[in-house]
Structure formats: C-alpha cells, structure tokens
Amino acid sequence: MTMQTENTKPLMGDEVAEPTNIVIFGATGDLSKRKLLPALIRMLNSGLVNSESRILGVVNNRTREVWLQLLFDGLHTFAHEITQDLEKWNAFCEKLIMVPGDLADDETYNRVADALEVLGGKKNAMFYCAIPPEWYGKVAAGLGKAGLISEDEGYRRIVIEKPFGMDLETSRKLNTELQAEFNENQIYRIDHYLGKESVQNLLVYRFANGIMEPLWNRNYIDHIQIIVSETLGIEYRAKYYEKAGALRDMIQSHIMQVMTLVAMEPPVEFTADAVRDEKMKVLRAIRPFKAEEIDSLTVAAQYAKGVIDNEEISSYVSEEGVSPDSITETFAAVRFHIDNWRWQGVPFILCSGKRLPKRVSEVMIRFRKPPFNLFNNHASIPNANALVFRLQPDSGIVLRINAKKPGPTTDNEVMVMRAPYADKDDVADAYEVLMHDVLVGDSTLFSRSDEVNESWSILEPILNAWEKRVSIDRYRAGTWSIPEMDNLTKDCVHGWHVPT
Ligand code: BG6
C-alpha cells in the first residue's frame, strides 16, 4: 500500500544569504572536490549563495593554473554540469581566489586578511576547515592572530568537519582551542547526517503530527533500533579508519545524534539552543556504561572476504594501508538505556557496519506486542507493530501492521504501508542544507560543544574496554552474519531487525 505526501517541499528555507566570502582551508582536498565545491556551485546557480560572494581557496605549493586544473578534474566527476559548459566554468573561476600559503605559517592568515580587504564590500566570512583535525586549532589561532575573528564589520563563522576529537580528552582540547578564539555561536561543527532532509524530517514527523506523541514512550514502545549499514568499505581511508573504527566513525559522530532527535522531549521553540538543550538532556540521561557490562551491551566485528552484488570483496585486513593483524571494528553496535520517565526500560540499539549486504539507514520503532492474542486458535500470532523511518535510500515511513488474510479465515498477516517522502530530485543535498544554514546563521543542525563532549564521555568506558581487546569476531562481507547481535537484542520483541 502506498500513500502520497501532499507537500514534498524540502525543508531548507529559501532565504538568500548576505554576500559572504567563503574561505576554504584544504581547497585541493577530496572533500572540497567531492562535496563542498559541487554544493557551492549548485547554490550559486540556484541563488542560495549570493552572487557577490567569493570563494577563497588556501592552497600550498601550487600555482593558480595547477589548482584550477585539479578542481576541474575533480569536479568533472562530482559536478560535471559545470565542467561540461566552459562558459559556466569560466564564470565560476572568476569567483575563485587563490590564497597561497602553508597552514603552519602565520603569514598565510595575514594573506587571507589582505585578500578579504582587497575584496572590500561587506566583511562577512565563513572559514571552512576541510583539513585533517590536527590543524583545526592552528587555523583558529592563525585567524585570531590575523584579526579575522572580530565581527565588527560583518559576521565571522568557522565550520569544522568530523572527526571532532577521537575521545573525550581530544574533544575537550579541541573545544578549548576553538573557544579560545571564537564564541560558541560562531562555531559550526558539521555532522552531515543532520543535514539529511530525512533526518530533519524525524522532527517534523514527531512534532507536527498529533498521533505520534501519545505512543512515543515506554508504555507502547518495546525498543528502538537505529541502523546505518553500508556496502562500501573504507575507500582508501585506512590511515584514519584504522584509528577510528566504526564506533567513532559512525556511532559517536552520526547515529547518537539521530538517537537524540528520536528520544528528545518537544523543545519549547524551534531554535538552535532550544533544540540542542533537549538533545543534551537525552545524552545526560544515558545510563553510564560499567566496565563489567560492556561485553553484554556492545558488539564489535570486522569483515572478512565475501561477495556483494556478485562482486568479490577482500577482507578488511587486506585493504591497502591496513595492518594484516588489525582488530579495528568495521561493525559496531551499542545498546543504550535512557534513564528518564519517557524511556525507562526501552533499549536503544544503535549499529553500523561496512560491507554489509545493503546500503540502508533506518530508525525502527518496535511497539509492544498486543496484550492478548484474541486469534490464538489460529496459527498466526500477531507480530508486534513496527514503524520504520527510512532515512536512505528511498526515504519515507513504513508501518507494519497486522491485517486479516483475505478469504474465509481469521488468520492474519503483516500489511506494509509505505509513505515515500519525496522524489529523489526534490531532496536537497546535506552539504547544501548545512552550508546554507551557516550562511544564514542557523546552528540548529550543528553539534554544540557540550553535546560533543558528552557523547565522548558516554562512550569513554567502551573505548577503554575495546582498546584492550586482543581479537575480534569476523563477519563475511555481504552478509548479516553477526551472531552477537542476537544476544544484544535477545529480550527485544522480534530481536535484531535486519533492513529489507
Ligand atoms: C562518514 C563516514 O562520516 O559517513 C564514512 O566517515 C561513511 O565512513 C559516511 O561511509 C556515510 O555517509 P552516508 O551519507 O553515505 O550515509
């Protein structure tokens, strides 16, 4: 059964931002070519970025010609609409300004200041750190020394990419370094999951519909599972991934954020701090992990060789750059308990893995079983209902509800009601949503320092325990064969829910 949405307009406002100079640190890197510049190009074309804005790329050891050629080659893959039309490409190049320099050199930041001065006009600036995290503090300090943070003549905002620290200590240190220069309201910590419309839509589904709230609690919900499964591997990022693993890479940085949106109380208003205050309360209510419980509340596993979509996949340990005896987890699951009135006794099971059979992200709300089986003379015992929010691909809602089998019987069967959210083309790209929010000064979809520190603090006992492990379970790439997941969910109605 399929239902149509009446209004599929993306959530992103159509407010055109004031002219802003966008300074990219790491302007030759992968992120710039894959995500940032394609998003900025689309935003310039649609008018969401003011046409008077300029993009300044901080580039080391390259001439402007070489930089532009690098961009052209990269954008040919990720935004070929612009490289195919030389007139458009040349018009875009006119908006690009190269600032030569090394991030370690204070002079580089003075050159950024000079370049902004020469541009004149309004002095709004967004500084985008598309660079490895060890440089964030240095860039903030450099901008501070060059006098680029004061907002006397226009706003100044800094955008930070994940990973935001590797544990509580590094996260606190990073926050201290950034806050030594910037006010918290000038700092935008990007979590591209929060930029996904389907994730923002969780708030609308919850708080714009009267039918959800009465059911949204321990009285009706048995447990909640949030899964992000990927078919991809680590994509040449062994250096980072070997140290990070799935717990840091996905659970801390993205899925815990999604959990807070699912679990939070209605905010008093839809403003950045009101929403983030409620998310923060959820994190504070998470039951601390005791060392002796970690084995029973978490799962770590690593993919072995296998087959996905008829393609042979080699094992994680034979990926380029991965140590042959690596025990880094490529699959992680954690069972959280939220100790508050709404969620007491309702487990939240978060999991994510690479090289699984499907690319799919879902939030599944599993309701309690019907209290009594009226139809127990018959073979079919009613399933507990499930409401699934499909985040990607094909975002939308799926409700699994029991219905009578047609014909002369009272047997029942599961009927699946699907409500697709929007056509693919209507959905705004996460980077466009988030960059637009930075430009208009809306930090609702960005993580605040206390949220980030708190999430690291919650995971600290798990990180410590996992640090000491000497081996890891393996799963065959392209399968869901992670038996530990059955243990983790053994008291949950219908157990581990594998997306279909
Ligand atoms: C990134 C992780 O943050 O998110 C990657 O570092 C992961 O490992 C990616 O593949 C998943 O994002 P998406 O949007 O494809 O679900």
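## Enclosed space

A cavity is here a set of grid points where a 1.4 Å probe fits but cannot get out, and the predicted model holds five cavities of 30 Å³ or more.

## The largest cavity

The largest cavity encloses about 180 Å³ of space, and its lining is formed by 17 residues, with Phe164, Gln252, Ser253, Ser447 and Val452 lying nearest the centre. By residue class, this lining divides into six nonpolar, six polar and five charged residues.

Two helices, H9 (238-263) and H13 (449-467), each supply at least two residues of the lining of the largest cavity, and H9 gives the most to that lining, with five residues.

## The second largest cavity

About 70 Å³ of space lies in the second largest cavity, which is lined by Leu194, Val199, Gln200, Leu203, Leu261, Val275, Lys279, Thr444 and Leu445. Two or more residues of this lining come from each of helix H8 (197-207) and helix H10 (272-285), and H8 gives the most, with three residues. The lining of the second largest cavity divides into six nonpolar residues, two polar and one charged.

## A nonpolar patch on the surface

On the surface, Phe372, Leu374 and Phe375 make a nonpolar patch of about 350 Å². Within this patch, Phe372 belongs to the loop between strand S13 (360-367) and strand S14 (386-392); Phe372 has a relative accessible area of 61% and is therefore exposed, the cut-off for that class being over 50%.

Definitions and conventions: Residues numbered from 1 in each chain as written. Predicted model: local features only at pLDDT ≥ 70, side-chain atom pairs only at ≥ 80, totals over all residues. Heavy atoms only, no water. Patch = residues over 30% accessible without salt bridge, like charges linked within 9 Å, V, L, I, M, F, W, Y side chains within 5 Å. Areas by Shrake-Rupley, 256 points an atom, 1.4 Å probe, with all protein chains shown as cover. Salt bridge = Lys/Arg side-chain N within 4 Å of Asp/Glu carboxyl O. Helix = DSSP H or I, 4+ residues; strand = E, 2+ residues; numbered from the N terminus. Buried < 20%, exposed > 50% of the residue type's maximum accessible area, 1.4 Å probe, protein only. 1 Å grid on protein atoms, 1.4 Å probe; cavity = no way out; pocket = protein on both sides within 12 Å on 5 of 7 lines; lining within 4 Å. Points joined across faces, edges and corners; volume = space filled by probe spheres on them. Nonpolar A, V, L, I, M, F, W, Y, C, P; charged D, E, K, R; others polar.
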